[in-house]
Amino acid sequence: MSNSQNNIRDKVREKWAKTITFVSIVVIALGGINDSWDAVEKMSNFTLSQFTDIPSHNKLEHIYIRSSKAVLEEHFGAPVYIKEDVDGRSIEYYSDKRFILSAVTQDNAIVAFLVFPKQGFKPNTSEHSGGNALLEVPFNHLSVNDVRVNDSPSVTYYLEANLGGEFSRLYQSVSGFSETLGPLDSETRSMLKKISDRLIMGKNSDKEIINLRESIVPNFYGYSILGIGVLENAILTLTEFRLINS
């Protein structure tokens, strides 16, 4: 955790010290020391979640490729939505106040995942090939070696596999743009439709992809050891997104 995050944590703890102390005294009187410390920790975590992004960042820090799928429920609780792909891999969705996590699991391990940040949340993307500025600059700042485009009533998105990243020898960085996280303007929708149509017909779409990558900024990201094809099913449709956020 950074020094700035630690400073925020200390300030919040100090601000709520009197309230937490009062709760501790009450719990000690009613049930004992151990219960008191549990109450202090829960009160502190609740306070941090209300006033900072620290708990959300902490959750994401525990999720990485090839880790046990058990860490998902350990840090997020039960998934809010589950489905399977055609190869029997489980796709599980976890909801946080500041993002939605979509995890693909196989043989009890996380083999790919996507993070869909909600408005105002800036996740730590330093390990991604796009670095800390990943979600702030257009796609053309990234190196790319594979793309997927979908244009349909269920959801329209652009997805690409990126070269590089801190752990590129272990897994691949992924970035994308989905209309579930923000409305599409008519020009962007037209470009995505044209690329999708050309890819379906087997036509070269390099020029169109270059133009698109210069004009839009990623609004979600992730990592995979199975390429990006497996992640297409992990991208929320508009209906799924509304269901999870209802």
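The following exercises, each with a worked solution, concern a predicted model.

**Exercise 1. The helix H7 and its buried side**

Determine which residues of H7 are buried, on which side of H7 they lie, and what they pack against.

Solution.
Step 1. The buried residues of H7 are Glu-208, Ile-209, Leu-212 and Arg-213.
Step 2. These residues span an arc of only 130° around the axis, so they lie on the same side of H7.
Step 3. The elements against which the buried residues of H7 pack are S5, S6 and H6.
Step 4. A contact with H6 can be traced through Thr-188, a residue of that helix (residues 186-200). Beyond its neighbours within four places in sequence, Thr-188 touches Leu-212 and Ile-216.
Step 5. Thr-188 has a relative accessible area of 6%, and because buried means under 20%, Thr-188 is classed as buried.

**Exercise 2. Strand S7 and its partners**

Establish which strands are joined to S7 by bridges, and state how many residues of S7 are buried.

Solution.
Step 1. Strand S6 (residues 156-162) runs antiparallel to S7, and 6 bridges join the two.
Step 2. S7 and S8 are likewise antiparallel, with 5 bridges between them.
Step 3. Gly-176 illustrates both pairings: it is the bridge partner in S7 of Leu-159, and its own bridge partner in S8 is Phe-220.
Step 4. Of the 7 residues of S7 (residues 172-178), 6 are buried; S7 is therefore largely enclosed by the rest of the structure.

**Exercise 3. Salt bridges between distant parts of the chain**

For the salt bridges of Asp-96, Lys-122 and Glu-160, identify the partner, the elements involved and the burial of each residue.

Solution.
Step 1. The structure holds 13 salt bridges. As a general principle, side chains of opposite charge can pair when their charged atoms come close.
Step 2. Asp-96 forms a salt bridge with Lys-59, at 2.9 Å from N to O. This pair links distant parts of the chain, since Asp-96 belongs to strand S2 (residues 90-96) and Lys-59 to helix H4 (residues 54-61), 37 residues apart.
Step 3. Asp-96 is buried, with a relative accessible area of 7%, whereas Lys-59 is partly exposed at 23% relative accessibility.
Step 4. Lys-122 meets Glu-136 in a salt bridge of 2.8 Å, N to O. Both residues lie in the loop between strand S4 (109-117) and strand S5 (144-151), 14 residues apart.
Step 5. Lys-122 is partly exposed at 47% relative accessibility, and Glu-136 is partly exposed at 48%.
Step 6. Glu-160 is joined to Arg-213 by a salt bridge, again with an N to O distance of 2.8 Å. Here strand S6 supplies Glu-160 and helix H7 supplies Arg-213, the two being 53 residues apart.
Step 7. Glu-160 and Arg-213 are both buried.
Step 8. Elsewhere, salt bridges with shared partners connect Asp-85, Asp-87 and Arg-89 in one network.

**Exercise 4. The surroundings of Val-217**

Locate Val-217, classify its accessibility and list its contacts beyond neighbours within four places in sequence.

Solution.
Step 1. Val-217 is in the loop between helix H7 (206-215) and strand S8 (220-224).
Step 2. Its relative accessibility is 29%, so Val-217 counts as partly exposed.
Step 3. With those neighbours left aside, Val-217 is in contact with Leu-135, Glu-136, Val-137, Pro-138, Phe-139 and Phe-177.
Step 4. Glu-136 is 81 residues from Val-217 along the chain, yet the C-alpha atoms of the two are separated by 6.5 Å.

**Exercise 5. The nonpolar cores**

State how many residues the largest nonpolar core has, which elements each supply at least two residues, and which residues a second core includes.

Solution.
Step 1. In soluble globular proteins, nonpolar side chains tend to be buried together.
Step 2. The largest nonpolar core has 31 residues, and Ile-63, Leu-101, Phe-113 and Tyr-158 are those with the most contacts inside it.
Step 3. At least two residues of this core come from each of helix H5 (70-76), strand S3 (99-106), S4, S5, H6, H7 and S8.
Step 4. Contacts of Tyr-158 outside its neighbours within four places in sequence include Val-147, Val-149, Phe-177, Leu-192, Ile-209, Leu-212 and Phe-220. Arg-213 and Gly-176 are also among them.
Step 5. A second core, separate from this one, has 22 residues, including Ala-161, Val-174, Ile-228 and Val-230.

Terms used:
Residues numbered from 1 in each chain as written. Predicted model: local features only at pLDDT ≥ 70, side-chain atom pairs only at ≥ 80, totals over all residues. Heavy atoms only, no water. Helix = DSSP H or I, 4+ residues; strand = E, 2+ residues; numbered from the N terminus. Buried < 20%, exposed > 50% of the residue type's maximum accessible area, 1.4 Å probe, protein only. Contact = heavy atoms within 4.5 Å. Pairing = 2+ DSSP bridges. Salt bridge = Lys/Arg side-chain N within 4 Å of Asp/Glu carboxyl O. Core = buried A, V, L, I, M, F, W, Y, C linked by side-chain atoms within 4.5 Å. Arc of directions from axis to C-beta.
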